[in-house]
Amino acid sequence: PPTASSSTYTFNHSQLVNCIMGIQLGPIGCGSWGCEVTVGLNANNCLMANVKVPFNICVTNAPSLILRLANCTVDRATQIAQRPSGGFSLNATNCIFSSITNTSAGVTFTGAYNGFYRSAQQFGAAQSTVTNSPFQSAGAGNYYLTAASGFAAAGTNTAIPAWLQADLSKRTIYPPRSEEHTSELQSLRHL
């Protein structure tokens with residue numbers, strides 16, 4: 001546990017699928033954390049699919065706590081985050097929240113440019129809400145965006161670290177082309 005005045009834990013390019021709990025902090029008391037410790041948790045480009053509670057905070061004696069999400073997808077959760085006692089802040093940018101069945105009491109939500117589909121918890125500026133699933137499946141991937149969702153063009157680079165922007169530019173939100181289409185393109189190259 002951190003004993004300095006500030007500690008931050010970071011998860012990058014991660015997938016949690018079919019879990020009861022996602023990321024959990026705690027349980028510990030003031031003696032382990034130090035009474036004036038600020039704890040941060042950053043999740044960048046993380047997928048949490050069918051995770052009942054993606055963020056479970058069991059930290060006691062309430063150190064200052066903030067969760068920062070950037071370019072994350074949370075699908076099929078009971079609630080986004082929980083803390084049995086006390087509250088904390090969650091700031092999300094460029095995230096998709098889909099099929100969230102309950103609100104998260106005690107959590108102060110902020111952020112911008114987030115997309116929502118069938119979510120009991122909606123928050124932040126510049127929201128995009130859709131009535132049809134924003135996801136499509138291809139091969140083993142189930143979270144490619146549909147063109148109809150509009151989510152691909154709804155985000156921002158403001159407040160997204162340059163290293164994460166560079167990493168994301170090497171990844172895709174669209175499904176791969178079919179083998180048939182790839183074969184056609186290869187045939188055209190040989191002409």
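Let me start with a word we will need: a residue is buried if its relative accessible area is under 20%, exposed if over 50%, and partly exposed in between, using a 1.4 Å probe and protein chains only. By that rule Gln79, at 15% relative accessibility, counts as buried. We will come back to Gln79 shortly.

Hello, everyone. What you see above is a predicted model, where local features need pLDDT of at least 70, side-chain atom pairs count only at pLDDT 80 or more, and totals for chains, interfaces and linings use all residues. Residues are numbered from 1 along each chain as its sequence is written, and side-chain values use heavy atoms, with hydrogens and water left out.

First, the overall picture. The chain has 3 helices and 14 strands; these are DSSP runs, numbered from the N terminus, with at least four residues for a helix (H or I) and at least two for a strand (E). Of its 191 residues, 40% are buried. About 10,100 Å² of the chain is exposed, and carbon and sulfur atoms supply 50% of that; the areas come from the Shrake-Rupley method with a 1.4 Å probe, and for residues only the protein chains shown count as cover. Now for contacts, meaning heavy atoms within 4.5 Å. If we take contacts between residues at least 6 apart in sequence, 58% of them join residues at least 24 apart.

So what is inside? A nonpolar core is a set of buried Ala, Val, Leu, Ile, Met, Phe, Trp, Tyr and Cys residues joined through side-chain atoms within 4.5 Å. The largest one here has 28 residues, and those with the most contacts inside it are Phe55, Leu67, Leu69, Ile80, Leu90, Phe97 and Phe123. Several strands each supply at least two residues of this core, including E2 (15-25), E5 (64-70), E8 (88-93) and E10 (107-112). Which strand gives the largest share of this core? That is E4, with 4 residues.

Try clicking on Leu90. Leaving out residues up to four places away in sequence, Leu90 touches Leu67, Leu69, Ile80, Ala81, Val107, Thr108, Phe109, Thr110 and Phe123. Apart from the largest core lies another core, of 6 residues, among them Ile96, Tyr117, Val130 and Phe135.

Next, how the strands line up. Two strands pair if DSSP finds at least two bridges between them. E5 and E8 run parallel and are joined by 5 bridges, and Leu69 stands opposite Ala92 in E8. E8 also runs parallel to E10, with 6 bridges joining them; there, Ser89 has Thr108 in E10 as its bridge partner.

Now the rings. A pair of aromatic rings is described by the distance of the centres and the angle of the planes. Rings of Phe, Tyr and Trp (its six-membered ring) pair if their centres lie within 6.5 Å; planes under 30 degrees apart are stacked, over 60 edge-to-face, and the rest tilted. That gives 5 aromatic pairs. One of them is Phe116 with Phe123, an edge-to-face pair at 5.5 Å centre to centre and 75 degrees between the planes. Both of these residues are buried. Why is the pair of Phe135 and Tyr143 edge-to-face? The ring centres are 4.8 Å apart and the planes are at 70 degrees, so the pair fits that label. Phe135 is buried, at 13% relative accessibility, while Tyr143 is partly exposed, at 24%. There is also one aromatic cluster, made of Phe97, Phe109, Phe116 and Phe123.

As promised, back to Gln79, in the loop between E6 and strand E7 (81-82). Here we need polar contacts: pairs of N or O atoms within 3.5 Å where, within protein, one must be able to donate a hydrogen and the other to accept it, and residues adjacent in sequence count only if both atoms are side-chain atoms. The Gln79 side chain reaches the backbone oxygen of Ala81 at 3.3 Å and makes a polar contact with the side chain of Gln82 at 3.1 Å.

Two more stops. Ser119 sits in strand E11 (115-119) and is buried, at 10% relative accessibility. Its side chain reaches the backbone oxygen of Gln121 at 2.8 Å. Finally, Thr146 lies in the loop between strand E14 (141-145) and helix H2 (162-168). Thr146 and Tyr174 are 28 residues apart in sequence, yet 7.5 Å apart in space, C-alpha to C-alpha. Thanks for listening!
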